[in-house]
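Me: Could you take a close look at one residue for me, and then show me the whole protein around it? I am new to this, so please explain the terms as you go.

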Amino acid sequence: MKKFNVGVIGATGMVGQRFLLLLENHPWFEVKVLAASANSAGKTYEKAVKAWHMSAPMPEKFKNITVLDATADLKKIAQSVDFCFCAVNMKKDDIKALEYAYAQAECPVVSNNSAHRFTDDVPMIIPEINAGHLSVIEAQRKRLGTKRGFIAVKSNCSLQSYVPLLHPLKEFGIESAAVCTYQAISGAGKTFETMPEICDNVIPFIGGEEEKSEKEPLKIWGKVTDGKIIPAQTPKITAQCLRVPVSDGHTAACFVKFRKKPDKETILRAWEEFSGEPQKLNLPSAPKQFIHYFSEENRPQPALDRNLERGMAVCAGRLREDNVYDYKFIGFSHNTLRGAAGGAVLLAELLAVKGYFG
């Protein structure tokens with residue numbers, strides 16, 4: 001695989017910082033451009049970052065790179081890289097406009113943002129589940145009038161804790177599912193220092209999160225028809241989302257009802273045997289075993305399990321029958337790795353192998 005020159009738009013934020021740790025020694029991707037808001041532009045990356053939120057130190061190779069203005073320097077950035085990652089903190093309409101501008105400047109965008117998740121010709125990808133949706137990029141390019149430029153997005157971070165566990169069970173006819181997610185503060189770009197109100201507390205509201213949790217899976221499970229992704233109509237999902245005092249890692253309590261109820265051993269086997277395109281293609285960021293089931297009653301736990309397979313695995317536990325639904329179980333994933341930057345890097349690897357950056 002040839003080396004691709006990469007830009008990181010929104011490099012100073014928490015997800016941007018995670019991108020740089022993942023890309024520091026990536027075998028395929030070489031970071032050439034760091035960009036952020038006008039307030040950071042013109043400074044070295046080390047000086048532009050107000051607070052380094054990662055446990056690993058800031059990579060030396062990025063410290064002295066001069067940060068560019070993501071908007072004012074757009075053409076220069078687009079001409080300097082093969083594609084860019086986007087993880088900006090802006091209003092949704094402004095993000096839409098910015099990502100469109102990069103795509104129309106013939107710079108493919110792999111986005112961590114939510115702005116284009118429901119644009120019907122923008123693929124929203126969990127690489128193990130719906131890699132086939134990349135085919136809609138051809139229609140998107142036609143709409144945009146581009147040869148290379150396009151936008152591809154990853155799904156909401158909390159979905160990774162339960163959708164990959166539901167997906168292998170769809171063959172048994174999932175009628176409905178209920179999920180309650182317990183989401184880490186890094187999902188809000190916060191640490192315990194910057195979010196003191198979360199200590200000894202639970203906040204039972206995350207703006208827009210429940211709607212995303214209920215609707216995004218249906219697009220992921222949808223079909224590409226006439227250059228658009230048509231969302232699935234079933235299964236019905238209801239969700240509640242809570243912010244909890246955990247640094248990294250989203251936990252989900254999930255309940256599921258089937259048309260044809262499988263036995264417990266069948267579910268466990270479906271999870272163990274499930275894999276997708278990243279595993280078949282041996283992509284650099286792909287977990288070898290996508291789903292890990294813990295038989296212990298007190299697992300998975302964020303503190304113990306968030307870094308499993310470099311934070312790219314999805315964990316499950318406590319599968320048991322339920323007296324209202326058919327089954328209930330616990331799901332878990334690392335929200336800034338599998339759920340955010342790591343998921344986007346894996347998506348970019350898939351796009352690279354499939355020739356979309358050519």
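Here is a walk from a single residue out to the whole chain.

Reply: Happy to help! This is a predicted model, in which local features need pLDDT of at least 70 and side-chain atom pairs count only at pLDDT 80 or more, while totals for chains, interfaces and linings use all residues. Residues are numbered from 1 along each chain as its sequence is written, and side-chain values use heavy atoms, with hydrogens and water left out.

Let's start with R259. You will find R259 in the loop between β12 (250-258) and α10 (264-273); helices (H or I, at least four residues) and strands (E, at least two) are DSSP runs, numbered from the N terminus. R259 counts as exposed because its relative accessibility is 60%. Here exposed means over 50% relative accessible area, buried under 20%, and partly exposed in between (1.4 Å probe, protein chains only).

Which residues does R259 touch? Setting aside neighbours within four places in sequence, R259 is in contact with F172, G173, I174 and E175, where contact means heavy atoms within 4.5 Å. S176 lies 83 residues from R259 along the chain, yet their C-alpha atoms are separated by 9.4 Å.

Now step back to the protein. It has 13 helices and 15 strands, and buried residues make up 58% of its 358 residues. Among contacts with a separation of 6 or more, 77% join residues 24 or more positions apart. Finally, the C-alpha atoms fill a box of roughly 60 × 50 × 35 Å, taken along the principal axes.
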